[in-house]
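Got your viewer open and a selection box ready? Load the model below and we'll walk through it one pick at a time.

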Amino acid sequence: MANSVNTNIGAMVALKNLNSVSDSLSATQKRISTGLNVADAYDDGASYAVAEGIRSDVKAISAVNERLAVGKGMIDVAVKAGENISKSLGDVRAVLTKLADEALTGDDRANYTEQYATLKKDIENFISDAKYNGVSLISATATDQKIISNVDGGNITVNSENFMETVHSQLGAAADATAAAALISTTGGMANAMSNLGKAMNQLAADSRRVTNQIGFNNAIADATNTGLGAIVDADLAKESARLQSLQVKQQLSSQALSIANQSPQSLLGLFR
């Protein structure tokens, strides 16, 4: 190899190695700072495209569960209303039993009759006020609600219940002891109201269970999907830490080698002294 001040081969090789080590060091620092082996399309275009598709799936699952939670809220409100109606029906039955007593007369009958009307009004209010985000499942105008259940557009039907017809309207007038006795008979309006309420509550509970199960299933899918996504894009920080230290040493050595190579032309001056 010729000794030349125009071409410093040693410096060129050292500079090339230093640039290569610096590039690798930048890539490692990027993986450490982001925690990702594939942070963007520059790292691995194909893997990044796959990861973005998976991220889209996870977002869609999250959106589905958000809507299912809305459906769950509708059901929960309806169930709470049903529970309060059930308690009121217990009070209604007690009052009707007293009103069925023919010995009850005068102000006492008037007071219990008023109490019966108040309890019926309470039940009516429970029904009309049981709304979630403006939607009622138990009013006279309630309709079945189809809630999206998966990312393919499938849905779960949440059944509506007309409590005004099946419960409230069963509680007719208790104008006298005979009418009150008819209401609390085994085939009377009171029995119908309680039976209808029980069936409706059972249906609401079943719908609630379906929605809850679907949310849990979707969460399991999202967790599994995120695990798969991590296998594609996550960086192994233990390996990156070891690689970082190795590259930092290589960078120092490359810098030292370049410094030595840059000084080699100085030795040629000795030939001319």
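What follows is a short tour of helix pairs and charged side chains.

Before you click anything, keep in mind that this is a predicted model.

**Stop 1: α1 and α7**

Select residues 9-34 for helix α1 and residues 237-263 for helix α7. How do the two run relative to each other? Their axes come within 8 Å and cross at roughly 160°. Anything over 145 degrees counts as roughly antiparallel, so that is the label for α1 and α7. As for handedness, the crossing of α1 and α7 is left-handed. Now colour the contact between α1 and α7 by residue class: you should get 13 nonpolar, 11 polar and 4 charged residues.

**Stop 2: a pair on α7**

Stay on helix α7 and show the side chains of Arg 243 and Glu 240, which sit 3 residues apart, about one turn of the helix. They form a salt bridge, with 2.8 Å between the closest N and O atoms. Is each partner buried or exposed? Glu 240 has a relative accessibility of 5%, so it counts as buried. Arg 243, at 36%, is partly exposed.

While you have charges on screen, pick Lys 30, Asp 40 and Asp 43 as well: salt bridges with shared partners tie these three into one network. How many salt bridges does the whole structure hold? A full search turns up 8. In general, side chains of opposite charge can pair when their charged atoms come close.

**Stop 3: along α2**

Next, select residues 45-99, which make up helix α2. Two salt bridges are worth a click here.

Start with Glu 52 and Arg 55, both in α2 and 3 residues apart, about one turn of the helix. Their side chains meet in a salt bridge, at 2.7 Å from N to O. Check the surface around this pair: Glu 52 is partly exposed at 35% relative accessibility, and Arg 55 is partly exposed too, with a relative accessible area of 25%.

Then move to Lys 72 and Asp 76. These two also lie in α2, 4 residues apart, again about one turn of the helix. The closest N and O atoms of their salt bridge are 3.2 Å apart. With a relative accessibility of 32%, Asp 76 counts as partly exposed.

**Stop 4: α2 against α6**

Keep α2 selected and add helix α6, residues 189-233. The axes of α2 and α6 come within 8 Å and cross at roughly 160°. That angle makes α2 roughly antiparallel to α6. The crossing of α2 and α6 is left-handed. Colour this contact by class, and the residues between α2 and α6 split into 28 nonpolar, 11 polar and 6 charged.

**Stop 5: Ala 205 and Val 79**

For the last pick, find Ala 205 in helix α6. Ala 205 is partly exposed, at 32% relative accessibility. Now draw a distance from its C-alpha atom to that of Val 79. What separation does the model give for the C-alpha atoms of Ala 205 and Val 79? The value is 7.5 Å, for two residues that lie 126 residues apart along the chain.

How values were computed. Residues numbered from 1 in each chain as written. Predicted model: local features only at pLDDT ≥ 70, side-chain atom pairs only at ≥ 80, totals over all residues. Heavy atoms only, no water. Axes fitted to C-alpha atoms, helices over the stretch in contact; angles between N-to-C directions. Parallel < 35°, antiparallel > 145°, perpendicular 65-115°, else oblique. Left-handed = near helix turned anticlockwise from the far one by under 90°. Nonpolar A, V, L, I, M, F, W, Y, C, P; charged D, E, K, R; others polar. Salt bridge = Lys/Arg side-chain N within 4 Å of Asp/Glu carboxyl O. Buried < 20%, exposed > 50% of the residue type's maximum accessible area, 1.4 Å probe, protein only.
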